[in-house]
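Open the model in a viewer with the sequence panel visible. The stops below can be selected one after another.

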Amino acid sequence: MITTMQLTGKITRETLMPLEAYAKWRKAHKGEVIAHRRLRTVHLGEHVTVQFESELSMRYQIQEMLRIEKIFEEEGIQDEIDAYAPLVPDGTNWKATMMIEYPDVNERRRELARLIGIEDRMFVEVEGHGRVYAIADEDLDRETPDKTSAVHFLRFEFTPAMRAAIKAGAAVKLGCDHTHYPAHVTIAPETLASLAGDLAD
């Protein structure tokens, strides 16, 4: 029986912990996972948060869903894997959950209408290279003609030269050039160090 969270490169049913084992592991390690997720979170302006995902964050998400929903059946477990495993970066990219956050419900409704297409205007810019725009919502379209969704899933795909530059310590910006939300931020060194670990040589 698996009693600890092991990073294997691929999330399968066999590499997940049974619920009882996970409950024990969670008590001891929840703080570490929260710290890991916080390290990989980048705030872009006041209203956009980008959570760069990893195998650890997605394993934790799947195990949490199984725990909360008390899912034991193989089919249910596979459904959770199918939903979240595609968000694990695979060596050539970064994958992220993007959240658009406005506490006031009326402001949120208004801004989501103004920000249609924002997910396609998100970019990463590696020092000395051109911008890489996000490939957004590959699983399903999260936009309607009237508004964008408050949550999007993004993939940033890098060339070998960009990956080498990131691993060598080049500065990297996360940004958005949507008309109604122009913003960019330099990714903090400690966050970048964690993200560089997602990339293959």
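**Aromatic rings, then a sheet**

Begin with Trp-94, which is buried at a relative accessible area of 0%. Keep in mind that this is a predicted model.

Add Phe-52 to the selection; Phe-52 is also buried, with a relative accessible area of 0%. Six aromatic pairs turn up in a search of the whole structure. In the pair of Phe-52 and Trp-94, the ring centres are 5.6 Å apart and the planes stand at 75°, so the pair is edge-to-face. Colour by strand next: Phe-52 belongs to strand 2 (residues 48–52) and Trp-94 to strand 3 (residues 93–100), so the contact ties together parts that are 42 residues apart in sequence.

Now show Phe-156 and Phe-158 as well; with Phe-52 and Trp-94 they form one aromatic cluster.

Move on to Arg-131 and Phe-123. The charged end of Arg-131 sits over the ring of Phe-123, at 3.9 Å from the ring centre.

For the next stop, display strands 5, 4, 8 and 9. In that order, these four strands form an open sheet with antiparallel pairing. Strand 5 (131–133) and strand 9 (181–186) are at the edges with a single partner strand each, so one side of each has no neighbour in the sheet. From one strand to the next, the twist averages 20°.

Finally, zoom in on strand 8 (residues 172–178) and strand 9, an antiparallel pair joined by six bridges. Select Lys-173 to find its bridge partner in strand 9, Thr-186. Asp-177 is opposite Pro-182 of strand 9. The hairpin from strand 8 to strand 9 passes through two residues.

Terms used:
Residues are numbered from 1 along each chain as its sequence is written. This is a predicted model: local features need pLDDT of at least 70, side-chain atom pairs count only at pLDDT 80 or more; totals for chains, interfaces and linings use all residues. Side-chain values use heavy atoms; hydrogens and water are left out. Two strands pair if DSSP finds at least two bridges between them. Axes are lines fitted to C-alpha atoms, for helices over the stretch in contact, and angles run from 0 to 180 degrees between N-to-C directions. Rings of Phe, Tyr and Trp (its six-membered ring) pair if their centres lie within 6.5 Å; planes under 30 degrees apart count as stacked, over 60 as edge-to-face and the rest as tilted. Buried means under 20% relative accessible area, exposed over 50%, partly exposed in between (1.4 Å probe, protein chains only). A charge sits over a ring if NZ of Lys or CZ of Arg is within 6 Å of the ring centre and within 35 degrees of the ring normal.
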